[in-house]
Amino acid sequence: MERCPWCGTDPLYVAYHDQEWGVPEHDDRRLFEFLLLEGAQAGLSWITVLRKRENYRRALDDFDPEKIARYDDRKLEQLLQDAGLIRNRLKMKAAVSNAQAYLDLREAGQTLDALLWGFVDGTPRVNRHRSLSDVPAVTPTAEAMSRELKKKGFRFVGPTIMYAFMQAAGLVNDHLISCPRHRQLGDG
């Protein structure tokens, strides 16, 4: 049994794979963090974002949606000057609008956890992939989730981003069946 090959040998990536990726997450604040980080990753490798995650936590007030929703143009400019972040104006503006959408969702009496986990009926989907080439980049569930989040005002939540989110937050178990984590995380 060997771990999924996508994480390579980088200690940060290996720790992420072994301790975090695919573990079912239900905490709204952590789900919000994953959502912002997956959006920041668009067009880049995940290790790039992973190496900057602590900088994001510092710069984005530990992913506090109430604080992020109030960021003004001056704060955005400050963030765009921070070399510890991915300095992309659209992604930074999306973080602010996503915080606002998150607060709107909460004001409507809904949690991010209930919304997102509703797409898998509250139980992780367990896949049985044998190789990385078997793992899809997008699924109909991710497409539906993307559409719903966009309707609710979220940005940088395309179907590919949402499938990566589903994998990271444990809505699907996409560890290869040869990986010990597949069995450790179980069948949901």
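1. In which loop is D121 found? In this predicted model, D121 belongs to the loop between α7 and β1, the latter covering residues 125–126. D121 is not a glycine, yet its phi is positive, at about 55 degrees. Its relative accessible area is 68%, so D121 counts as exposed, the cut-off being over 50%.

2. A second residue with a positive phi is F63, which lies in the loop between α3 and α4. The phi of F63 is about 60 degrees, although F63 is not a glycine. With a relative accessible area of 0%, F63 falls under the 20% limit and is therefore buried. D61, which follows α3, also has a positive phi, near 50 degrees.

3. Helix α3 comprises 14 residues, 46–59. At 1.5 Å a residue, α3 should span 20 Å; the end C-alpha atoms are 19 Å apart, which agrees with that expectation. A bend of about 50 degrees is found in α3 at R53.

4. The buried residues of α3 are W46, I47, V49, L50, R53, Y56, R57 and A59. R53 is therefore both the site of the bend and a member of the buried set, for which the limit is under 20% relative accessible area. The cover over the buried residues of α3 includes α1 (11–19), α2 (28–41), α5 (73–80) and α6 (89–107).

5. The largest nonpolar core has 53 residues, of which Y56, L149, M162, F165 and L171 touch the most other members. Two or more residues of this core come from each of α1, α2, α3, α5, α6, α7 (112–117), α8 (140–151) and α9 (159–168). As a general matter, nonpolar side chains in soluble globular proteins tend to be buried together.

6. Y56 deserves a separate remark. Apart from neighbours within four places in sequence, Y56 is in contact with L37, A40, F63, L85, I86 and M92. One of these partners, F63, is the buried loop residue of point 2.

7. Helix α6 has 19 residues and reaches 27 Å from its first C-alpha to its last, close to the 27 Å expected at 1.5 Å a residue. Its buried residues are K91, M92, A94, A95, V96, S97, N98, A99, A101, Y102 and L105. Among the elements that cover them are α2, α3, α4 (65–68), α5 and α7.

8. How many cavities of 30 Å³ or more does the structure hold? There is one, and the largest cavity contains about 100 Å³ of space. Its lining is made up of 13 residues, those closest to the centre being L36, G39, A40, K91 and A95. Both α2 and α6 give two or more residues to this lining, and α6 gives the most, with five. K91 and A95 also appear among the buried residues of α6.

9. The largest pocket holds about 400 Å³ of space. It is lined by 21 residues, and W6, W21, W46, A164 and Q167 are the closest to its centre. At least two lining residues are supplied by each of α1, α2 and α9. The largest share, four residues, comes from α9. W46 is also one of the buried residues of α3.

10. Q184 is located in helix α10, which covers residues 180–185. Its relative accessible area of 53% is over 50%, so Q184 is exposed. Q184 and V23 stand 161 residues apart along the chain, and their C-alpha atoms are separated by 9.8 Å.

Note on methods:
Residues numbered from 1 in each chain as written. Predicted model: local features only at pLDDT ≥ 70, side-chain atom pairs only at ≥ 80, totals over all residues. Heavy atoms only, no water. Expected span 1.5 Å × (residues − 1). Bend = angle between axes of the 7 residues up to and from the residue. Buried < 20%, exposed > 50% of the residue type's maximum accessible area, 1.4 Å probe, protein only. Contact = heavy atoms within 4.5 Å. Core = buried A, V, L, I, M, F, W, Y, C linked by side-chain atoms within 4.5 Å. 1 Å grid on protein atoms, 1.4 Å probe; cavity = no way out; pocket = protein on both sides within 12 Å on 5 of 7 lines; lining within 4 Å. Points joined across faces, edges and corners; volume = space filled by probe spheres on them.
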